[in-house]
Amino acid sequence: MRTLGLLVALATAMTVLSTPSRAENGEIAAGILGGLAVGTILGAGAAQPPPAVYVAPPPPPPPPPTCYWAQSEPIWDGYQGIWVRNQVQVCD
């Protein structure tokens, strides 16, 4: 598609340039501005596409909590009549 646009612009420029021209009454300024306009169009057609925008990946999920088993404080068990320590799970 870009090549086709460049060829059309080049063909148009060659057609305009092949006709005889005369510079009268400030037509030089018009020619310079027209040349700059055509150069801008051709330059924009031949330019590289803009670089892709970098998007940072999302942050990783937090690590799962670390858990371990420990003994609780001593608790009086009235049924057995003794002090017992239960196993409890502790997570950070």
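The paragraphs below lead through a predicted model of a protein chain, from its overall make-up to a disulfide, a buried serine and a nonpolar surface patch.

The confidence of the prediction is a sensible place to begin. Across the protein chain the mean pLDDT is 82, and 85% of the residues score at least 70. This confidence varies from element to element: helix α1, covering residues 2-18, has the lowest mean pLDDT of the elements, at 70, whereas strand β3, covering residues 82-84, has the highest, at 95.

As for the architecture, the secondary structure amounts to 2 helices and 4 strands, and, read from the N terminus, these elements follow one another in the order α-α-β-β-β-β. Of the 92 residues in the chain, 3% count as buried, and the chain exposes an area of about 8400 Å², of which carbon and sulfur atoms supply 68%. When contacts between residues at least 6 apart in sequence are considered, 34% of them join residues that are at least 24 apart.

A covalent link comes next. A search of the whole structure finds 1 disulfide, which is formed by Cys-67 and Cys-91, with their sulfur atoms 2.0 Å apart. Because Cys-67 lies in strand β1 (residues 67-71) and Cys-91 in strand β4 (residues 87-91), the pair ties together parts of the chain that are 24 residues apart in sequence. The torsion about the S-S bond of Cys-67 and Cys-91 is about 105°, and the disulfide is therefore right-handed. Both cysteines fall between the cut-offs of 20% and 50% relative accessible area that bound the partly exposed class: Cys-67 is partly exposed at a relative accessible area of 38%, and Cys-91 is likewise partly exposed, at 42%.

From the cysteines we turn to a serine. Ser-72 is located in the loop between β1 and β2, the latter strand spanning residues 75-77. With a relative accessible area of 14%, Ser-72 is buried, since the class is defined by a value under 20%. If its neighbours within four places in sequence are left aside, Ser-72 is in contact with Arg-85, Asn-86 and Val-88.

The last stop is on the surface. Here Ile-28, Ile-32, Leu-33 and Leu-36 form a nonpolar patch, and together these residues have about 430 Å² of accessible area. Ile-28, one of the members of this patch, has its place in helix α2, which runs over residues 27-46. Its relative accessible area is 55%, and because exposed means over 50%, Ile-28 counts as exposed. Ser-72, by contrast, is buried, while Cys-67 is partly exposed.

How values were computed. Residues numbered from 1 in each chain as written. Predicted model: local features only at pLDDT ≥ 70, side-chain atom pairs only at ≥ 80, totals over all residues. Heavy atoms only, no water. Patch = residues over 30% accessible without salt bridge, like charges linked within 9 Å, V, L, I, M, F, W, Y side chains within 5 Å. Areas by Shrake-Rupley, 256 points an atom, 1.4 Å probe, with all protein chains shown as cover. Salt bridge = Lys/Arg side-chain N within 4 Å of Asp/Glu carboxyl O. Buried < 20%, exposed > 50% of the residue type's maximum accessible area, 1.4 Å probe, protein only. pLDDT = per-residue confidence, 0-100. Contact = heavy atoms within 4.5 Å. Disulfide = S-S within 2.5 Å.
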